Structures are given as structure tokens and as C-alpha cells.
Amino acid sequence: MLREMSNDHRSVFEKKLKKELHSAKGFPIRYLMIAASVIVLFGMGFVFTMTQETPKEEIQVAETKVSLEEFSPELKKLENYYLTAINFELANLKVTDANKAVLQDYFRKMNTLTNEYKLQSEQLQIDKVDEELINNLIDNLQMRLQLMIELKNELKKLKSKENETQKV
């Protein structure tokens with residue numbers, strides 16, 4: 001049985017064909033290609049700007065920093081002596097659970113003195129050389145060393161108390 005085709009068969013077929021071929025399934029490839037091109041261009045621009053060397057102006061700052069060594073080599077030797085003695089005492093400390101609280105208290109005091117020393121050193125750099133300020137720096141170093149010696153003695157006392165309690 002052959003069926004006769006209608007007169008507008010061709011137009012109906014073309015409509016169905018267009019509908020199937022041009023149906024929007026997902027995102028069209030053309031838009032994906034455009035987006036990929038834009039991303040590649042931005043990436044290339046970013047790489048180009050990162051590799052491009054920009055001349056950086058170096059600001060020359062007048063060196064107003066004055067160290068104790070520039071003022072007096074003896075003062076620098078004195079500072080080095082105290083710092084070495086403090087570091088030596090720190091290196092010989094043994095931290096245990098029993099002495100941890102004592103150490104934390106002394107380290108808090110030591111940090112306070114160290115911060116004061118840094119502030120005074122910066123003042124020395126700004127205000128140039130001031131005899132009172134230099135004396136304060138030396139006194140600070142002496143206090144820090146004395147604090148370390150006190151800490152060492154305190155730890156010896158704690159250790160001897162521990163030994164006594166272990167013997168009993």
C-alpha cells in the first residue's frame with residue numbers, strides 16, 4: 001500500500017529536519033569557543049604582565065642608624081659580652097614540667113626587657129647619640145643578665161627540692 005504524499009510534504013519534512021538539527025541541547029559550542037578564547041587571552045595577558053619587568057624606583061633613605069660600635073667600639077664589645085652571657089645562660093637551661101611555670105614567668109620578664117631594649121635602640125638611631133640612652137641600654141643588658149642568673153639559681157633551688165622530696 002502506497003500512500004500518496006501530500007502537496008506540502010516537502011515543507012513539513014524541512015520543518016521537522018530543522019527542528020531536529022537546530023534543537024538546543026545544552027550550551028551551544030559556539031559560546032564555549034568564545035568563552036575559551038576569552039580565558040586564553042586573559043591568561044596570556046596575565047602571564048605577559050607578570051613576566052614584564054617594571055623598573056622599580058629605589059628610594060635612597062639617608063642612613064641615620066647609629067650603632068654602639070660606631071659610637072664606641074668598647075660599648076659594642078660590652079653589648080656583645082652581655083648578649084653572649086645571656087645566650088649562654090639560656091642554652092644551659094633545662095625545661096621540665098616542674099620548672100615550666102618558673103621559666104614562663106622569667107621569660108615574660110625577659111621579653112619585656114628585650115622589647116624595651118629594642119625601643120631604646122631605635123631611639124638611639126633616631127636621636128643620634130645620647131649618653132643617658134646608652135647608659136639605659138647597658139643597664140637593660142645588665143638587668144637581663146641578672147635575671148638569667150636569678151633564674152638559674154631558682155632552678156637550682158627547685159632541683160634540690162625535687163631531690164629532697166625523692167629521697168624522703
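**Tyrosine 31, a surface patch and a pocket**

Tutor: In this predicted model, tyrosine 31 belongs to helix 2, which spans residues 29-51.

Student: Why is tyrosine 31 called partly exposed?

Tutor: Its relative accessibility is 47%. Buried requires under 20% and exposed over 50%; tyrosine 31 lies in between and therefore counts as partly exposed.

Student: What makes Tyr31 eligible for a nonpolar surface patch?

Tutor: A patch residue needs over 30% relative accessible area, and the 47% of tyrosine 31 meets that cut-off. Tyr31 makes the patch together with Ile34, Val38 and Phe42, and its area is about 430 Å².

Student: How do you know which residues line the largest pocket?

Tutor: A lining residue has an atom within 4 Å of a pocket point. The residues listed for the largest pocket are Glu89, Asn92, Leu93, Lys94, Thr96, Asn99, Lys152, Leu155, Lys156, Leu158, Lys159 and Glu162. The space in this pocket is about 330 Å³, and helix 6 (residues 131-167) gives the most to the lining, with six residues.

Student: What makes six residues of that lining charged?

Tutor: Asp, Glu, Lys and Arg count as charged, so Glu89 and Lys94 are among the charged residues of the lining. The remainder of the lining divides into three nonpolar and three polar residues.

Student: Why is the pattern of the chain written with α alone?

Tutor: The chain has six helices and zero strands; the pattern along the sequence is therefore α-α-α-α-α-α.

Terms used. Residues numbered from 1 in each chain as written. Predicted model: local features only at pLDDT ≥ 70, side-chain atom pairs only at ≥ 80, totals over all residues. Heavy atoms only, no water. 1 Å grid on protein atoms, 1.4 Å probe; cavity = no way out; pocket = protein on both sides within 12 Å on 5 of 7 lines; lining within 4 Å. Points joined across faces, edges and corners; volume = space filled by probe spheres on them. Helix = DSSP H or I, 4+ residues; strand = E, 2+ residues; numbered from the N terminus. Patch = residues over 30% accessible without salt bridge, like charges linked within 9 Å, V, L, I, M, F, W, Y side chains within 5 Å. Areas by Shrake-Rupley, 256 points an atom, 1.4 Å probe, with all protein chains shown as cover. Salt bridge = Lys/Arg side-chain N within 4 Å of Asp/Glu carboxyl O. Buried < 20%, exposed > 50% of the residue type's maximum accessible area, 1.4 Å probe, protein only.
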